[in-house]
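Biologist: I would like to go through some of the labels used for this structure. Please show it before we begin.

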Amino acid sequence: MMRFLLLFSRQGKLRLQKWFTPVTDREKKKVIRDVTMLVLARPPRSCNFLHWRDLKVVYKRYASLYFCTGLENQDNELLTLEVLHRYVELLDKYFGNVCELDIIFNFEKAYFILDEFLMGGEVLETSKVAVSVSVEEADTLQETMEEYMSKPAY
Amino acid sequence: MSDVVEKTLTALPSLLSLDSHSGATKLSSTSKLGNLIRGITELTSKHEEEKLVQRELVSIKEQVSSPNTSMRQMKELMVRAIYCEMLGYETSFSYIHAIKLAQQGTALEKRVGYLAVSLFLNESHELLLLLVNTVLKDLQSTNLIEVCMALTVVGQMFPKDMIPAILPLVEEKLNHPKEIIRRKAVLALYKFYLIAPNQVQHIHNKFRKALCDKDPGVMAASLHIYLQMIQDNPEGYKDLTASFVTILKQVVGGKLPMDFNYHSVPAPWLQIQLLRILSFLGKNDQSSSEIIYEVLDESLRRAEINHNITYAILYECVKCIYTIHPKSELLEKAAKCIGNFVLSPKMNLKYLGLKALTYVVQQDPKLALQHQMTIIECLDHPDLIIKRETLELLFRITNAQNVTVIVEKMLEFLRVNKDDYTTIDLVGKVAELAEKYAPDNEWFIETMSTVFSVGGDVMQPDIPNSFLKLLSEGFDSVEEDRKLRLFAVDSYVSLLQGEPGKLPQRFLQVISWVLGEYSYLSEELEAATVLRLLAKLLDMKSTSSETKSWVLVAMTKLCEGGAGVSVAQEVCETYSSSLDTVLRQRAQELQHLSQDCELRARVLPRDAGLEPLEVDSSLSFLDGFVSEALAAGAAPYKPPHQRQEELAQSKALSLEPYGLSLPISMSSCSIADRQSPTLLSVSSGLSGDSPDLSHKGGSTTLKLDGVKRVWGREGYLSQREPVEESAHVEVPSPLRSPSQQGEAESSHSQTPATTPTPQPEQEKQQLASSLFVGLGSHSSVCLMGKSEPTTQRFRRKAKGPVSPSAASEQISNSLVSTPSTANDLLCNNLLDSSVTSELSVSSPEQTSQLSQGPAAANGTCDVELTDGDVKESSPSLVGGNSVVAADPAPHEDPDRPEGLCLNTHLPAELSGLCHSEITPLCSNQSLDLSACHVQKEDSLALVVFIYNSSDSDIQQILLELDSDELEVSCVCDSAVQGARSHSVAVCQYSLTVKRPSVHVEVVGMVSYQFPVGTPQSVQFSYKLPLTGFIRPLTVSTEEYGTMWLDFSHDTKQKLTLISDGQEPLADTLNVLKKKLQLHVVEIIGMEGIVACRLLRDQPCLMHCRLHAGTLSVWLRSPVPDLPDCLMYHCQRALQEH
C-alpha cells in the first residue's frame, strides 16, 4: 500500500501532496523535507528506488517535476513506477500536454484525477479510459459554462 | 506515449522561467488563485513570501467568516486555503468552513469541500465527526456524482467509531447497478477492514460476492480485501486457491477487455495482486502449491516484452516461487530470471535482482556464486543504494572464512554513510558478524572499536552492553580471556593517548569500563598512567556527565599507589562540589575508597566479573534502620502495586505506564556493568522497594529472566542468545592464512572461468574468491540465524554456579538440537555434510533454566497422578467446557490410543483448575504431541504432552516455544528431558499476553534424539482464543464508574440480543458471563455494566444498553486492541448461542 504521494519541483517546491494513512502535521513536514532532500540529491540516471526509514521511496522525474511515493515493505517497486507513469498519462490526457504550470494552477483538478485513480493507497481504476470518463463526467455534468471555458484549451 | 510526455515536459521549464506571465494568463486569466501564485513566484526571498501569504490568509479568514460569502466564493477561497496549506502555512481557521462547504454546496462546490476536508484533516481530528451526517446524506443521494464523492472521502478517512452508522449504506452500494459505485464501495469496505476489522467481519459473504462480480474492476478491488484477510489468516481461505488460479489464468490468457491492458500487458495490477495472494496461500502448503505451479509457469512464459511492467510481474512471480512449496523446475526458471535482473544494465532491475538474491540465498547460496562478479561490481557501484543492497546480500552469505573481507566492506560503507537509519542497521549487523565469526582477538577488538567510533551515539545500546558482557564473562580458556582483555586494554590506552575528543560518548564509556576493570592485566602499564589518561577525559568539554560518572567509577577501581591517589584526590576536589549529584556521589566514593585500600579491595574486588554477585535482596542489613524509623513514627512500607491501587482509587489516575518499569530497570543492570554507575544509581534508587522485586533471599544465582526484553532488538537477540552456552567445547581456531584461503578457492570449480585478465580484473577475481569462499556445495554455510553449525570463536560461558552435570547436559543438548533444527529449517541438502563437532546453540529455555536455578529443580513435571478427580474442573470457575468453545474444533485421531488418558498426566497443581480439551498438535512415527491450556489466576498454563510411541527411549527432548502475541516462560526446568518408550513427558509453560489479538498462537519445535540415530525435530503450532486469558473482575458500581472515565481505548457496536426469555438483557449477559467469564456488576433497567480483566491487571469494562431490539455494547480498556478483540468474542459467543 502506498503511504504518500508527493509532487515537487526541481527547486524542492511542493506541488501536490496526498497522504493515504493518518500522519500528524509535524510528521508530514519532516517527511516532505527529508524525502525531498533525499530525492533531489540523487544524481541523474541512478536507481529510482530509495530507502527512507522503514519505507521504500520510489520516485521519477518528469521534466521539472518529481513524482515521489512512499511504499510499504512488501510492495512492488517497479509496479509503483508504472503507477506514477499512469498518473502522468492521465494528467496528460486531461490537460493535453500537461506541464508543471497546469498542475500549479489547477492543482485541485490534479487531486480529483488522483482520487479517481487511487483510493486509500491502492489503484482504484486500472483502465485509463474509465478514469478520464469519470473525471470528465463529474466535470461536464456540474461545471457552469464559464468554468468550462476557463479550463485549459486543448 | 511516454516519450511524448517527457519531451513536452522537458520543453516547458523554459516556458516557466521566461514566459511565466503569459503562460499563467492563458491558464487562469482573472482568478485570485492565479494572482496569488504569480505573486509568489515573482518574490525573491522567503521572508517576502511569508508576508504575502500571511496577508492573503488574513483576507481569506475575513471572507470565509463573513455571512455574505456565497458558496461559489467559498469554493474559490478553499482552493486558495489549500494552496497556502501546501506551502506550509497554518490554515486551521478554514477547516470548519471546508466541512460546511461539503455540507451545503452544490455538487461541484461540494467536491472542493470534500477535497479540502480530506487534505486538511486526518482520521483522528475531532471536526471529522461533523462530516458524518453529510456523508450519510450524500450516500443516500440520487445523484451518482454525490454518492461517488461520499464514497471517495469515506475511503480516505473516516472516524473509526462512526463506521457502524454508515456501514449498512455502504453495503447496499455493493448492489448498485453502476460498476464505479460498486468498486468504490468495495474499497471503502477495504478501508474499514484495515482500521477496524471486527466491524466488518460479519459481512464476509458480501466480499465473496464482490469477488464474483461480473465487472473485472470490482473483482480487482475486492482482491485488496482478500489479500489482507489471507495475510492475516491463510488457513481460512485455502478453498479459494483454485478460484484465484483460474482468475489469474484468464487474465494471463488475455480474456479481459482491452481496456485493462497496460502497454499491451493484460491487467498487470490484477496479476500482481493475484500472485501475492497465491504466495500467501501456497506458503508451507504443498497441496495448495501444486495447484499454483502451472499458472506460475505460464506467467513466467508470457512475460516476454521488455518493459518495466513485465519485469514487475516477473519479480512477483519469482518471489512467489520462492515463497511457496519449492518445485525444482520452477526454481530453475526463477533463478534464470533473477540472472536477467542482476545482469541488466538498467539500475532499477539490477537493484531488484540483488534484492531477489538476498531473498533467495537463504535457500540456495550457490546462486550468489553464479553472480559473484556482478556482485563485486555492484559493491563499488557509485549509487549508494545499490551498494547498500549488495552489503545486505553479503551479510546473508557471511561465514567464518569470508567474514574479514565482508566486514571490511561494510565498515568502508559506514565511514562514508551519512544516514542515521542505515548506520544503526549496519552497525548492528557488523557487531553481530564480529561476535559470531571473529577469527582472532585483535581483529575482534579492532572491529568493535571501529563499530563504536562509527556507530557513535546513534547505535543500539545493546551493542556496547553485550560487548562488555562478553568481555566480562569470558570464553573457553582463561588464557584466551586474558589475551583478549589485555589486547583491549592496550588498544584503548593507545586510543586515549591519541585524540580522545573525537570519540563518541558511548565508546568512551566502554573504554573507561574496560580500563577500570582490566588494566591491571598489563604489566608495563602503571595505574597512575591510566588514571591520568582518564582524568584527561574529565577535563574535556565534550564529555557528557554520564560518561564522566563512568570515568569516575573506573578511576575508583584503579586508584592505588602514591601517584594514583594524588591524581584521584585532585579529581575529587573538582567534582565533590559539582552541581550534578551523581557526579558528586561518585567523587565522594572515589575519595573514600582511594584512602582506604582495604575497603576498596572488598567493595571492588579485582576480576570479579567471573564471580556471581551475591545480592542480599532482602536488604536485611537495613532492618535495624527500618525498625528505628518505624519506632520514630515513619509510615510503613507499601509495595508499589498497592500504592498504585490506592492512588487510582483516590485520584483516578491512569495505571498504565507504571506497571513494569521497576522490574525492567532492575534487570537492565546486567552483570556486565555490575559496577557501572548505572547500576549503582539504580539500585540505590530501588532499595526502598526491595521486597517486591527481590530474588528469593540468599539465592546465589542471578536472576536473568527479563534481561532479554531489555537487551533485545527483536530478532537480533534471538540470534545472539544462543551464544550463551557450551563452555566446554574445544575450539580449533578457524584462523586462515591467505595461502590457506587460496586453497579453499581452488576447490571452487564452478567459479565462472575467465580468460587471463588484466590487473584490475584480477583484483576483482581475488576479491571474489575471498568473498565467496565457503559457499560451495561442500562447505558449511548456514544462513538461518539460529542454527549456526559453523565454528564460533566467542562463546560465552554458562554463568552462575551450574553443577557439572547440568553443564554436560547442556552440551549434549546442544549437540542434539542443532542439526535437527537446521534440517528442519532449510529445505534441502545444504547442511548435511557440514555439521561440525563444535556446536553452540541453545534454546531460550536455557537462560530461563539457569535463572530458575536449583530451587526449581524439584518442579512438577512427570508427576504421575492416579486420582479419579483429575479431570474434573473446579466448579467455582464457570463453565469449564465453554473454554473450549471457541477453540479450533478438537478432533480425536482414532489411532491415538493415549488420547484419553493424557488427562492423568496433567501436573498436580493444575488438576484442580479448569482446562481445555487436550488437542493433538502433531505426530510422526515416534512422537505424538498434544497440548491443552489451563486457566490460572494470573496466567494461562500451556501443558504440552509428548508421547513417545516408539519402542526405544528418547534421552533428550528439547522444546522451544515462541509467540508474537504472548510472553512464554517455562514453569520449571522441564523443557529438557527424556521420555521412555511408550510413556508421556509433560512440559508446562506459563503464557501471558504481550499484546491482545483475537486469536493468539504459539509456535514451537521439539528436537529429540534416540540413543542411536540422527537428531530429529517436529514443528507445531497451538492456537487459542483470547478468551482463555479473560478473568472476571469484581468491582463495585462506584469503582466501575471511576475506572470507566480513565480508560482511553474503546469500541462500540450493536450485538444481537437473545430474546427468547423473559428478560432479554439479563439472559444475554448471562450467556456472556458463562462463555467469556465476565463479571456482571449490575443491571439497572435497560442498562447493564459488566467487568473483566485480561489476566491480572488489565481491566476491560463493558456497558450494555437495550436499544430497539439490539444490544448496544460499549467496551473500554486502558489496553489498546483489547476492546476490539473482546467485542469479537462477544459477538461470536452470542452468535453461537
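Modeller: What follows is a set of questions about labels, each answered from a value and a cut-off. Keep in mind that this is a predicted model.

Biologist: Let us start with the overall make-up. What does the secondary structure of chain B come to?

Modeller: Chain B has 48 helices and 17 strands. Of its 1137 residues, 55% are buried. Among the contacts in chain B with a separation of 6 or more, 70% are between residues 24 or more positions apart.

Biologist: Where is Ser549(B) found?

Modeller: Ser549(B) lies in helix α30 of chain B, which covers residues 545-558.

Biologist: Why does Ser549(B) count as buried?

Modeller: The relative accessibility of Ser549(B) is 5%. Buried means under 20%, so Ser549(B) counts as buried.

Biologist: What makes the link between Ser549(B) and Glu546(B) a polar contact?

Modeller: The side chain of Ser549(B) reaches the backbone oxygen of Glu546(B) at 2.9 Å. The cut-off for such a pair of N or O atoms is within 3.5 Å.

Biologist: Helix α30(B) also has a partner, α29(B). Why is α29(B) called roughly antiparallel to α30(B)?

Modeller: Helix α29 of chain B spans residues 527-539, and its axis crosses that of α30(B) at roughly 165°. Angles over 145 degrees count as roughly antiparallel, so α29(B) is given that label relative to α30(B). The two axes come within 10 Å, and the crossing is left-handed.

Biologist: Which residues meet there?

Modeller: On the α29(B) side they include Val530(B), Leu534(B) and Leu538(B), and on the α30(B) side they include Lys548(B), Leu552(B) and Met555(B). By class, this contact has twelve nonpolar, no polar and one charged residues.

Biologist: How do you know that α2(A) is roughly antiparallel to α17(B), rather than roughly parallel?

Modeller: Helix α2 of chain A (residues 77-95) and helix α17 of chain B (residues 308-323) have axes that cross at roughly 150° and come within 8 Å. The label needs an angle over 145 degrees, and therefore α2(A) counts as roughly antiparallel to α17(B). The crossing of α2(A) with α17(B) is left-handed.

Biologist: Which residues make the contact between α2(A) and α17(B)?

Modeller: Among them are Glu77(A), Leu81(A) and Glu82(A) of α2(A), together with Asn308(B), Tyr311(B) and Tyr315(B) of α17(B). Sorted by class, the contact has seven nonpolar, one polar and two charged residues.

Notes:
Residues are numbered from 1 along each chain as its sequence is written. Chains are lettered from A and ligands numbered from 1 in the order in which they are written. This is a predicted model: local features need pLDDT of at least 70, side-chain atom pairs count only at pLDDT 80 or more; totals for chains, interfaces and linings use all residues. Side-chain values use heavy atoms; hydrogens and water are left out. Helices (H or I, at least four residues) and strands (E, at least two) are DSSP runs, numbered from the N terminus. Buried means under 20% relative accessible area, exposed over 50%, partly exposed in between (1.4 Å probe, protein chains only). A polar contact is a pair of N or O atoms within 3.5 Å; within protein, one must be able to donate a hydrogen and the other to accept it, and residues adjacent in sequence count only if both atoms are side-chain atoms. Axes are lines fitted to C-alpha atoms, for helices over the stretch in contact, and angles run from 0 to 180 degrees between N-to-C directions. Angles under 35 degrees count as roughly parallel, over 145 as roughly antiparallel, 65 to 115 as roughly perpendicular and the rest as oblique. A crossing is left-handed if the near helix is turned anticlockwise from the far one by less than a right angle, and right-handed if clockwise. Contact means heavy atoms within 4.5 Å. Ala, Val, Leu, Ile, Met, Phe, Trp, Tyr, Cys and Pro count as nonpolar, Asp, Glu, Lys and Arg as charged, and the others, Gly among them, as polar.
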